[in-house]
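Visitor: I'd like a walk through this model, one question at a time. Could you show it to me before we start?

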Amino acid sequence: MAKLDPAIGRYVYLEIHGIEYRVYFEQNGTGIPLVCQHTAASDGRLWRYLLNDERITQRFQVIVPDLPYHGKSLPPESVEWWKQEYKLTKKFFIDFQIELIRALGLERPVFMGCSMGGQLAVELAIERPDEFRAVIGLESGL
């Protein structure tokens, strides 16, 4: 029999600012939820090794979403997105994370982000501290 990867990929539908997004995410492990956010122009593959590290996934449920317009999270079908300038605003970025954790039923997850996701860790700690048990910024700015 073929060897199967332990990470499972699926889609969740999130409504953010009145627009429905079909968001792809992968998850693996059990325990404390750990949401890992990729950087700009990237996708969840950034976290491939962490998602499959048995030392991590024995204690953490690792969740790796692709932002809308990134990776397998295609632009929304309900708007003519090609006629609009794409801007990932701080408000959208924060609201995306909050809607994701609520939709997945995560209770106070750890958030870890890289680069612009790392900057988001700082913003979440300041603006939404009660939603997360911890935030980790990798290559984030002050």
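## Salt bridges, helices and cores

Guide: To kick off, the structure holds nine salt bridges, a salt bridge being a side-chain nitrogen of Lys or Arg within 4 Å of a carboxyl oxygen of Asp or Glu. Bear in mind that this is a predicted model, where local features need pLDDT of at least 70, side-chain atom pairs count only at pLDDT 80 or more, and totals for chains, interfaces and linings use all residues. Residues are numbered from 1 along each chain as its sequence is written, and side-chain values use heavy atoms, with hydrogens and water left out.

Visitor: Which residue forms a salt bridge with Lys91?

Guide: Look along helix α3, helices being DSSP runs of H or I with at least four residues, and strands E runs of at least two, numbered from the N terminus. Lys91 and its partner are four residues apart there, so about one helical turn separates them. Lys91 is exposed at 53% relative accessible area, while the partner counts as buried at 18% (buried is under 20%, exposed over 50%, partly exposed in between, with a 1.4 Å probe and protein chains only). The closest N and O atoms are 3.0 Å apart, and the partner is Asp95.

Visitor: How many residues apart in sequence are the parts that Arg102 and Glu131 tie together?

Guide: Arg102 is exposed, with a relative accessible area of 52%. It forms a salt bridge with Glu131, the closest N and O atoms being 3.0 Å apart. Since Arg102 lies in helix α3 and Glu131 in the loop between α4 and β6, the pair ties together parts whose separation in sequence is 29 residues.

Visitor: Is Asp53 buried or exposed?

Guide: Its side chain meets that of Arg55 in a salt bridge at 2.8 Å, N to O. Arg55 has 67% relative accessibility, so Arg55 counts as exposed. Asp53 has 18% relative accessibility, so Asp53 counts as buried.

Visitor: Which elements do the buried residues of α4 pack against?

Guide: Helix α4 (residues 116–127) has twelve residues and reaches 16 Å from first C-alpha to last, close to the 16 Å expected at 1.5 Å a residue (the expected span is 1.5 Å times one less than the number of residues). Its buried residues are Gly117, Gly118, Leu120, Ala121, Glu123 and Leu124. Taking contact as heavy atoms within 4.5 Å, those buried residues pack against β3 (32–37), α3, β5 (110–114) and β6 (134–138).

Visitor: Which element gives the most to the largest nonpolar core?

Guide: A nonpolar core is a set of buried Ala, Val, Leu, Ile, Met, Phe, Trp, Tyr and Cys residues joined through side-chain atoms within 4.5 Å. Of the 22 residues in the largest one, Leu14, Val35, Phe96 and Phe111 touch the most other members. β1 (8–16), β2 (19–28), α3 and α4 each supply at least two residues. The one giving the most, with seven residues, is α3.

Visitor: Which residue's backbone oxygen does the side chain of Ser73 reach?

Guide: Ser73 lies in the loop between β4 (60–65) and α3 (90–103), and Ser73 is buried, with a relative accessible area of 0%. Not counting residues up to four places away in sequence, Ser73 touches Arg22, Val23, Tyr24, Asp66, Leu67 and Pro68. At 2.7 Å, the backbone oxygen that the side chain of Ser73 reaches belongs to Asp66.

Note on methods:
Polar contact = N/O pair within 3.5 Å; in protein donor to acceptor, adjacent residues only side chain to side chain.
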